[in-house]
Amino acid sequence: MLNIGWFSSGRGEGSRGLLRFVHQRLERDLPKARIRFVFSNRAPGEAEGSDEFFRLVDFCGIPRISCSSAEFRRTRGSAGRRWAELRPEFDRLTLDALAGYEPDLCVLAGYMLIVGGEVCRRYPMLNLHPALPDGPIGTWQEVVWTLIRERAFHTGAMIHLATEEVDRGPVLSYGTVPITGPDFDPAWQVLVGSDLESIRGVQGEDFPLFRQIRQAEYRREPYLLFETLRAVAEGKVVVRDGQGWDAAGQPLVGSWPQGLCLDAEIDRAMAADGLV
């Protein structure tokens with residue numbers, strides 16, 4: 001049995017949708033894996049979004065643990081200490097709260113805190129980043145604007161091991177998606193002779209090309225995460241010593257491409273759902 005820990009702040013529908021998707025797929029398609037617990041840095045009553053998330057966790061029958069980072073800041077940060085100074089103590093509280101669960105790996109799914117070194121050393125932490133291994137870093141918004149500015153031909157997402165170097169831990173898997181061709185060309189054509197910064201300032205995230213790129217990648221993210229968990233459960237990917245290895249014992253790092261390409265698995269799963 002692959003025991004999975006799930007870390008999420010549970011802010012909105014994206015967090016709920018990802019948990020619901022993976023939980024249902026595990027029960028249906030991968031009985032050798034389960035979500036052993038959900039940990040949140042929010043407590044019940046802090047926000048309606050996270051309260052809805054907690055109701056979903058309870059409905060799924062998954063043990064739920066909360067350790068409020070907001071309350072922690074209020075009680076520890078009165079002397080003006082920065083979060084970077086407070087984080088090691090909060091990480092220790094997190095580990096204390098999770099004592100006894102012993103997950104084989106953990107998933108960061110809408111967890112709005114940077115995970116400190118002590119937690120990363122205790123558990124393999126899988127993070128979903130909305131860009132390819134050689135792609136942009138930063139938030140998904142920053143990634144999309146960078147792709148537009150650089151006139152990229154494709155994008156995707158990757159699952160990597162979380163480290164203190166944000167968005168740059170060892171890559172386990174990735175999936176690609178083209179962002180050119182007949183479906184995209186009319187939206188790209190708008191940029192010809194236009195100033196991107198003016199478009200960004202006026203239209204922002206309502207810019208059609210921005211929304212189209214994000215949607216093309218976003219709809220594949222849950223499938224990438226689930227297929228990565230399946231690959232780990234079935235031994236196609238082994239997480240050991242802070243690194244990812246393939247079934248033959250070779251490291252999943254080095255020259256491009258890094259990680260296991262899961263395009264075929266994602267395409268099959270989306271086709272079965274009528275999405276391709």
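1. Let me start with the cysteines. There are zero disulfides in the structure, and please keep in mind that this is a predicted model. Cys 67 shows why one is missing there: its sulfur lies 15 Å from the closest cysteine sulfur, that of Cys 106, which is too far for a bond. A disulfide would need the two sulfur atoms within 2.5 Å.

2. Staying with the cysteines, how exposed or buried are Cys 67 and Cys 261? Cys 67 is buried, at a relative accessible area of 16%. Cys 261 is partly exposed, and its relative accessible area comes to 33%.

3. Now to the pockets, which you may want to look at on screen. The largest pocket has a volume of about 1200 Å³. Its lining is made up of 37 residues, and those nearest the centre are Ala 109, Gly 110, Tyr 111, Met 112 and Leu 128.

4. Which elements build that lining, each with at least two residues? They are helix H1 (13-29), strand S5 (125-129), helix H6 (140-149), helix H9 (208-218) and helix H10 (221-233). H1 gives the largest share, with six residues.

5. As for the chemistry of the lining of the largest pocket, 17 residues are nonpolar, 13 are polar and seven are charged. Gly 110, one of the residues nearest the centre of this pocket, is counted as polar because the scheme places Gly in that class.

6. The second largest pocket has a volume of about 240 Å³. It is lined by 13 residues, with Val 177, Pro 178, Ala 216, Arg 219 and Arg 220 closest to its centre. Strand S7 (171-178), H9 and helix H11 (263-272) are the elements that give two or more residues to this lining. H9 is thus worth a look in both places, as it also supplies at least two residues to the lining of the largest pocket.

7. By class, the lining of the second largest pocket holds seven nonpolar, two polar and four charged residues.

8. Last, a small hairpin for your visual check. Strand S8 (residues 237-240) and strand S9 (residues 243-246) run antiparallel and are joined by four bridges. Within this pairing, Val 239 has Gly 244 in S9 as its bridge partner. Two residues sit between the strands of the hairpin, and Asp 241 takes a positive phi near 55°.

Terms used. Residues numbered from 1 in each chain as written. Predicted model: local features only at pLDDT ≥ 70, side-chain atom pairs only at ≥ 80, totals over all residues. Heavy atoms only, no water. 1 Å grid on protein atoms, 1.4 Å probe; cavity = no way out; pocket = protein on both sides within 12 Å on 5 of 7 lines; lining within 4 Å. Points joined across faces, edges and corners; volume = space filled by probe spheres on them. Buried < 20%, exposed > 50% of the residue type's maximum accessible area, 1.4 Å probe, protein only. Pairing = 2+ DSSP bridges.
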